[in-house]
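The report below describes a single protein model, moving from individual side chains to the sheet and the helices around it. Please keep the sequence and the coordinates open while reading.

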Amino acid sequence: MKKVIIFAAVLVLIFGGIAFITQYQKEKASEGNPYGKDDLDTETVKQLDDPNYQNIVQPDDLAEKLENGEDAVVYFFSPTCPHCQETTPVLMPIADDENVDVLQYNLLEFEQGWEDYEIEYTPTLIYFEGGAEKDRLVGSQPDSEWQSFLGKAKEQ
């Protein structure tokens, strides 16, 4: 019986140590992140160094931009969405080629965006003109659709 208790205690210590180390690594990776949050979802942490996810916009900043009547192209995504994982590496280079500043709104970290912007599916790309929604593209699309959408937004 004594051996079983010792074995159980060792297992608890090992799992506790693993949990501590994992949380510590997650916190270290999250330091100085563009989300302004200390506790990020693991999938978001994985994208912090990805060059395709470097134009993150926070909810307050986007709301202020729109309230001020500014134009904006906003890409609503979730790090856990397989369609977003396929779309982002295609969309962001197209945006660079078209010279369009695409703000990225992470719906996993800022869930209020689903309701605030009436997002039903990810990925969703919205063009706001004068602070109001002018056009929207939803779901996976061929490259030509992303290019056409961004080209129209650029012309406005």
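Does E129 count as buried, partly exposed or exposed, and at what relative accessibility? E129 counts as partly exposed, at 29% relative accessibility, where buried means under 20% relative accessible area, exposed over 50%, and partly exposed in between, with a 1.4 Å probe and protein chains only.

## Basis of the model

This is a predicted model, in which local features need pLDDT of at least 70 and side-chain atom pairs count only at pLDDT 80 or more, whereas totals for chains, interfaces and linings use all residues. Residues are numbered from 1 along each chain as its sequence is written, and side-chain values use heavy atoms, with hydrogens and water left out.

## The sheet and its edges

Four strands form an open sheet with mixed pairing, in the order β2-β1-β3-β4; strands here are DSSP runs of E with at least two residues, helices are runs of H or I with at least four residues, and both are numbered from the N terminus, while two strands count as paired if DSSP finds at least two bridges between them. The edges are taken by β2 (102–106) and β4 (132–138), each of which has a single partner strand, so one side of each is left without a neighbour in the sheet. On average, neighbouring strands of this sheet are turned by 25 degrees against each other, direction ignored, with axes fitted as lines to C-alpha atoms (for helices over the stretch in contact) and angles running from 0 to 180 degrees between N-to-C directions.

At one edge, β2 pairs with β1 in the parallel sense over 5 bridges, and Y75 stands opposite Q104 in β2. Strand β2 is mostly covered, as 5 of its 5 residues are buried. In a regular strand the side chains alternate between the two faces of the sheet. In β2, V102, Q104 and N106 point one way and L103 and Y105 the other way, and all are buried.

## The β3–β4 hairpin

Strand β3 (residues 124–129) pairs with β4 in the antiparallel sense over 6 bridges. The two strands form a hairpin with 2 residues between them, and G130 in the turn has a positive phi of about 60 degrees. Among the bridge partners, F128 is matched with E133 in β4, and E129 with A132 in β4.

E129 also forms a salt bridge with K134, the closest N and O atoms being 3.4 Å apart; a salt bridge is a side-chain nitrogen of Lys or Arg within 4 Å of a carboxyl oxygen of Asp or Glu. K134 is partly exposed, with a relative accessible area of 45%.

## Helices across the sheet

Helix α3 (residues 59–67) lies across β1 (72–77), β2 and β3, running at about 135 degrees to β2, and helix α4 (residues 82–98) lies across β1, β2 and β3 as well, running at about 160 degrees to β1.

L150, found in helix α6 (residues 143–155), is buried with a relative accessible area of 0%. Leaving aside neighbours within four places in sequence, L150 is in contact (heavy atoms within 4.5 Å) with V73, L91, I94, A95, E98, V100, V102 and L125. L150 and N99 are 51 residues apart in sequence and 9.0 Å apart in space, C-alpha to C-alpha.

## Helix α2 and its salt bridges

A search of the whole structure finds 5 salt bridges, one of which joins the side chains of E109 and K37 at 3.0 Å, N to O. E109 lies in the loop between β2 and α5 (112–116) and K37 in the loop between α1 and α2, so the pair ties together parts that are 72 residues apart in sequence. E109 counts as buried at 9% relative accessibility, whereas K37 counts as partly exposed at 26%.

T44 is placed in helix α2 (residues 42–47) and is buried, with a relative accessible area of 0%. Not counting residues up to four places away in sequence, T44 touches Y35, P79, N106, L108 and E109. In the same helix, E43 and K46 are 3 residues apart and so separated by about one helical turn, and they form a salt bridge whose closest N and O atoms are 3.0 Å apart. E43 counts as partly exposed at 26% relative accessibility, and K46 counts as exposed at 58%.
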